[in-house]
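Welcome to a short set of exercises with worked solutions. Please take a look at the structure below, then try each task before reading its solution.

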Amino acid sequence: MLEQILALLPQVIFDGFVLGFVYAMVALGYTMVYGVLELINFAHSEIFMIGAVVGVEVFRYLAPHVGNGFLLLLLALLLGGAIAGLTAILVERFAYRPLRKRGTTNRLVPLITAIGVSFILQDLVRLIEGLWHNEFFLRMRTVEDLEGSVSLFGGAIFAQTKSFVLMGVSILMLLGLTYLVNRTKLGVAIRAVAQDLSTASLMGIDPDRIISRTFLIGGSLGGVAGVLFALQYTTITPYVGFLPGLKAFTAAVLGGIGNIPGAMLGGLVLGQLENFFGTYLPILTNGNFGTEYKDVVAFLILILILLLRPQGLLGQVVKEKV
Amino acid sequence: MSALSLLLSLAYLGLAFLAPGALANLFGLGALAAAAFLRLSPNLRTLNLALLTLAFTVGLVRSGNTLGLIGLVGILVALTTLPRVPTWIRAALGLAILLISVPLAGFANTFVFELGIQIGIYAAMALGLNVVVGMAGLLDLGYAAFFAVGAYTWAIFGSQQAKNFMAGNFPLPGEYIYPFMLIAIATTALTGLLIGLPALRLRGDYLAIVTLGLGEVVRILANNLDHPINFTNGPQGITPIQRPPIDWFRELMAAMGVRLDQTTDYQLFFYLLVLLMIGLVVLVNVNLANSRFGRAWVAIREDEIAARSMGIPLLPTKLLAFMTGAAFSGVMGVIFAAQRTFVSPESFTLLASITILGMVILGGMGSIPGAILGAAALTILNLDVLKTFSEFVRTSLPQIPSQVDPAKYERLVFGLILVLMMIFRPEGLIPEKRHKAEMEEA
């Protein structure tokens, strides 16, 4: 059995990175919004789903016209990121801002709103797809340029071009975000709002604008992740965002919520763990416990972290204020 | 004003006799609105409500149109909320609606029974979740998990299923359902304890996400525990599940002069059983709300740190709320399994949890009549209004694609209800006093 495990290991690690980068990008959206608003934005998993659906549609309609698969993907990424980012802004503007303006102190109110928004977005996409194509189980069209495959390390890893593209794009986005948050004026403003909203507003920062931008950035990252997810895993429905969203949130908590490098690290770690258990659980238990339990593993990790190290891997302990 | 309202009620009574149907019932709803919202003397209002009760009952019996049921629910709400109606009138009219009108309507249209039972099951669960979310302020997004545990507790032992892993004479006979309700209270409260012990140490928003995850875990377990040992029979679900024997009930009803046939006997039985359960649950709820625990829960909801400094032990108090809510859900799970004679993981999804949450939010967090109203409104919306609308779209608007079937869009409707309520009326339709003050304080 050990031989079997070792033989699979390189492939497992590779696939774990593919999954991990998707989680990392989605986790960033959770962590940034949590940073500025202290809100778990449940609707973010639907922003991710919208990116995936846009990716499918772009491939469906433009694949016959655009010969180059990479150009096609670039278009899908741009459009997916833009539409997802825009949706995130709209959600903030019409669902969360009215609550903020009223100044409710009850923490449940924004949380319940977020769940409601998430449900609305799921069915809105289903409605649009229903009216458009009369179906909502979508399949990503395959494009030859991106489907090519190579064997690495003497056949230990079987990898497709699109997996490399996924990792490459993710790394670029993550580097770009790090630069944006640490080196630009907008980044300083976001960090200031996250640290203390009312003081930041005294320093000439318009919190509403910064919050809106934060949703835009997090939303477009989620949308890009969605397009890449659709490319990699191909089957997309309006309800496809729920589980990856929940896991990306787990990743954000794992890294330390509100912490940007933490979300990236958390995503990668969670991707590895999930893929590891998903592959090895059936082998280790002689098929008695199948791959389905990988989701259970993710939640157990979430609970364990929250109990043992609630501040996450890279987070700092915050005292609860009276 | 008074003459107008009385005239409307009488006109509806006439319509219900002569031309029963959807239009007449719509008119009746208008008359009910007039009776509830116009400025009337208490006596006249009471008279109006009594007339309307009679009229809706007649309308339901003669046409079976379920809009009439909405009217009866509306009267119940009016009876619980309107000021200066004598208590004995409230009680008499309320009991008449629940024990006479609805069964009569059920004999005319068995769908009314089905609706009544579903409303009852959901109302009892909404009341349970109300303890957790409304009183203690703990957002539980995996509440359907407890419902599942309760339902499977009876489903496994009340069917052939238990033979797969233990020796014995299964299915257990139907009488065992009554002790199993108690067992389900124990198993679900224990599940609540197991989930709550880690989850309730966390701050509010983490609790929400952990319960969300655990709700999923229970569903995954129900789906996959058909191997290596077959506990749950996986996605196919378990059927047939034993129902309690009701010979004594048939005889009792026959002695009272009520003739029951093969379908209505169990429906009436389960309807009355569910009513009884709601009565019990309300009683427990009211008593808890005014008890030491109830006050401690509210204190924790309002300000955890302040509550702790007043000497309230946080974890045990929260655990108690969590387990109480779980136990309510577990009992209803047993009834649900027996009434359907079938359970499958499909019934216990996130959507189910959010539906129950939506009921509590719509009615008003912490409010007992609110939770019942919320359950009635969302169940009727889901099982009746959306389905009717679907039927209408299918027959009258064939150019709309078949995938756009309004009955499939409950998520959209529930999502809209949650968001709109949170933005415009976070205290709910029938607010609880303390909660209202809190939501308005800002």
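**Exercise 1. The contact between the chains**

How many residues does the contact take from chain A, and how many from chain B? Work out which parts of chain A take part as well.

*Solution.*

Step 1. Keep in mind that you are looking at a predicted model. In this model, the contact takes 56 residues from chain A and 52 residues from chain B.

Step 2. Now turn to area. Chain A and chain B bury about 4,800 Å² between them, and carbon and sulfur atoms account for 74% of that. On the side of chain A, the residues that lose the most area to chain B are A:L108, A:I112 and A:F119, which together make up 14% of what that side buries.

Step 3. Next, look for pairings across the interface. The rule finds zero salt bridges between chain A and chain B, whereas five residue pairs are in polar contact.

Step 4. Find the helices. On the side of chain A that touches chain B, α3, α4 (108-133), α10 and α12 of chain A each supply at least two residues. The most comes from α4(A), with 17 residues.

Step 5. Sort that side of chain A by residue type: 34 are nonpolar, twelve polar and ten charged.

**Exercise 2. Two domains in chain B**

Describe how domain 1 of chain B and domain 2 of chain B meet, starting from their bounds.

*Solution.*

Step 1. The domain assignment of chain B gives residues 1-108 as domain 1 and residues 111-363 as domain 2. Their C-alpha centres lie 32 Å apart.

Step 2. Count the residues that touch: ten come from domain 1 of chain B and eleven from domain 2 of chain B.

Step 3. Check the area. About 920 Å² is buried between domain 1 and domain 2 of chain B, with carbon and sulfur atoms giving 87% of it.

Step 4. Look for pairings again. Across this domain interface of chain B there are zero salt bridges by the rule, and the count of residue pairs in polar contact is one.

Step 5. Which helix gives the most to the side of domain 1 of chain B that touches domain 2 of chain B? Helix α5 (residues 87-108) of chain B does, with seven residues. By type, that side of domain 1 of chain B has eight nonpolar residues, two polar ones and no charged ones.

**Exercise 3. Salt bridges in chain A**

For three salt bridges in chain A, say whether each partner is buried or exposed, and where the partners of two of these bridges lie.

*Solution.*

Step 1. A reminder helps here: side chains of opposite charge can pair when their charged atoms come close. Over all chains, the structure holds 16 salt bridges.

Step 2. Take A:E92 and A:R97, whose closest N and O atoms are 3.2 Å apart in their salt bridge. Buried means under 20% relative accessible area. A:E92 has 0%, so A:E92 is buried, and A:R97 is buried too, at 16%.

Step 3. Move to the salt bridge of A:D208 with A:K101, where the closest N and O atoms are 2.8 Å apart. A:D208 lies in helix α9 (residues 207-233) of chain A and A:K101 in helix α3 (residues 69-102) of chain A, so this pair ties together parts that are 107 residues apart in sequence. A:D208 is buried, with a relative accessible area of 18%, while A:K101 is exposed, at 54%.

Step 4. The third pair is A:K247 and A:D295, whose side chains meet at 2.6 Å, N to O. Because A:K247 lies in helix α10 (residues 242-255) of chain A and A:D295 in helix α12 (residues 294-308) of chain A, the pair ties together parts 48 residues apart in sequence. Both partners are buried: A:K247 has a relative accessible area of 4%, and A:D295 has 11%.

Step 5. Finally, trace shared partners: salt bridges join A:E92, A:R97, A:R100, A:K101 and A:D208 into one network.

**Exercise 4. The surroundings of A:M140**

Where is the place of A:M140, and which residues does A:M140 touch?

*Solution.*

Step 1. A:M140 sits in the loop between β1 (138-139) and α5 (144-147) of chain A.

Step 2. With a relative accessible area of 5%, A:M140 is buried.

Step 3. Leaving out residues up to four places away in sequence, A:M140 touches A:G55, A:V56, A:F59, A:V227, A:A230, A:L231 and A:T234.

Definitions and conventions
Residues numbered from 1 in each chain as written. Chains lettered and ligands numbered in written order. Predicted model: local features only at pLDDT ≥ 70, side-chain atom pairs only at ≥ 80, totals over all residues. Heavy atoms only, no water. Salt bridge = Lys/Arg side-chain N within 4 Å of Asp/Glu carboxyl O. Buried < 20%, exposed > 50% of the residue type's maximum accessible area, 1.4 Å probe, protein only. Helix = DSSP H or I, 4+ residues; strand = E, 2+ residues; numbered from the N terminus. Domains from an automatic or database assignment. Contact = heavy atoms within 4.5 Å. Buried area = accessible area lost by both parts, 1.4 Å probe. Polar contact = N/O pair within 3.5 Å; in protein donor to acceptor, adjacent residues only side chain to side chain. Nonpolar A, V, L, I, M, F, W, Y, C, P; charged D, E, K, R; others polar.
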